[in-house]
Amino acid sequence: MLSGHRVRCQRIMREAEGYLELGLPQLALDRLERMKDPGTFRGHQLSLMGEALRSLQRYEQAVTVLEEATDLTPSNLHAWLTLGWCLKRSRRLDQAISALERARDVSPTEAIVHYNLACYYSLARRKSEALSCLQRAIEMQPDYRDAIGDERDFDPLRADPDFQALMTIIV
């Protein structure tokens, strides 16, 4: 039987997830910050707080929270993706790449990881890695093909003959 405290923690986190789904990140954050002694739920709590902070465009704060979340729950793919997203927007591209490389280690079969990593490699002008990840993402999930045209992260590579050749193969 679950203890009352454990049940309260689970309820608070479900409420926070609901607030996030409704686009109410401040309510989610407020609820999570009032959670007392999350115990084994601390990693999940921090991951949700990081998502709320990301939604509020408080990227530096989100990075701090998400780094702790990934330390506590290194298999939490969503925390790694959100951390990478916030690091990129905090102008720490090398660290964002490292976070997504860790996400790839956690979930090598998730197309979104490869696609986002391709975007970050492109911004870092790491062409061969970007093209390899992009090709892998599209092999895994062909719908990503439709996003390439509007994705500004690929602008550094658009004029490159190898990028253009890849686009003719996959488009």
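In the predicted model, the axes of helix α3 (residues 42-55) and helix α5 (residues 77-89) approach to within 10 Å of each other and cross at roughly 30°. Because an angle under 35 degrees counts as roughly parallel, this crossing makes α3 roughly parallel to α5. The crossing by which α3 passes α5 is left-handed. On the side of α3 the contact is made by S47, G50, E51 and R54, and on the side of α5 by H78, A79, T82, W85 and C86. Sorted by class, the residues in this contact of α3 with α5 comprise three nonpolar, four polar and two charged ones. As a general point, an α-helix has 3.6 residues a turn, so residues three or four places apart point the same way.

Two serines of helix α3 illustrate the surroundings of this helix. S47, which lies in α3, is buried, with a relative accessible area of 5%. When neighbours within four places in sequence are left aside, S47 is in contact with L66, A69, N76, H78 and A79; H78 and A79 are also among the residues that α5 contributes to its contact with α3. S55, likewise placed in α3, has a relative accessibility of 33% and therefore counts as partly exposed. The C-alpha atom of S55 is separated by 29 Å from that of L131, a residue 76 positions away along the chain.

Helix α4 (residues 59-72) consists of 14 residues, and the distance from its first C-alpha to its last is 20 Å, close to the 20 Å expected at 1.5 Å a residue. Within α4, the buried residues are Y59, A62, V63, V65, L66, A69 and T70, and the elements that cover them include α3 and α5. Two of these buried residues, L66 and A69, are included in the set contacted by S47. A further link to this part of the chain is provided by S90, which is located in the loop between α5 and α6. S90 is buried, its relative accessible area being 15%, and, with neighbours within four places in sequence left aside, S90 is in contact with Y59, E60 and V63. Of these contacts, Y59 and V63 are listed among the buried residues of α4.

Helix α7 (residues 111-123) was examined in terms of its length and its burial. At 1.5 Å a residue, its 13 residues should span 18 Å, and the separation of 19 Å between its end C-alpha atoms agrees with this expectation. Of the 13 residues of α7, 11 are buried, so the helix is largely enclosed by the rest of the structure. The buried residues are A111, V113, H114, Y115, N116, L117, A118, C119, Y120, Y121 and S122, and they pack against α5, α6 (93-106) and α8 (127-140). Just after α7, the residue R125 adopts a positive phi of about 60°.

Towards the N terminus, helix α1 (residues 4-21) and helix α2 (residues 25-33) pack with their axes 7 Å apart and at an angle of about 165°. The two helices are therefore roughly antiparallel to each other, and α1 passes α2 in a left-handed crossing. In this pair, R11, I12, M13, E15, A16, Y19 and L20 of α1 meet P25, L27, A28, R31 and L32 of α2. By class, the contact of α1 with α2 contains nine nonpolar residues, no polar residues and three charged residues.

Considered as a whole, the protein has nine helices and zero strands, and its elements, read from the N terminus, follow the order α-α-α-α-α-α-α-α-α. Its C-alpha atoms fill a box of roughly 60 × 30 × 30 Å when this is taken along the principal axes. Of the 171 residues of the protein, 44% count as buried. Among the contacts between residues at least 6 apart in sequence, 53% join residues that are at least 24 apart.

Conventions
Residues are numbered from 1 along each chain as its sequence is written. This is a predicted model: local features need pLDDT of at least 70, side-chain atom pairs count only at pLDDT 80 or more; totals for chains, interfaces and linings use all residues. Side-chain values use heavy atoms; hydrogens and water are left out. Axes are lines fitted to C-alpha atoms, for helices over the stretch in contact, and angles run from 0 to 180 degrees between N-to-C directions. Helices (H or I, at least four residues) and strands (E, at least two) are DSSP runs, numbered from the N terminus. Angles under 35 degrees count as roughly parallel, over 145 as roughly antiparallel, 65 to 115 as roughly perpendicular and the rest as oblique. A crossing is left-handed if the near helix is turned anticlockwise from the far one by less than a right angle, and right-handed if clockwise. Contact means heavy atoms within 4.5 Å. Ala, Val, Leu, Ile, Met, Phe, Trp, Tyr, Cys and Pro count as nonpolar, Asp, Glu, Lys and Arg as charged, and the others, Gly among them, as polar. The expected span of a helix is 1.5 Å times one less than its number of residues. Buried means under 20% relative accessible area, exposed over 50%, partly exposed in between (1.4 Å probe, protein chains only).
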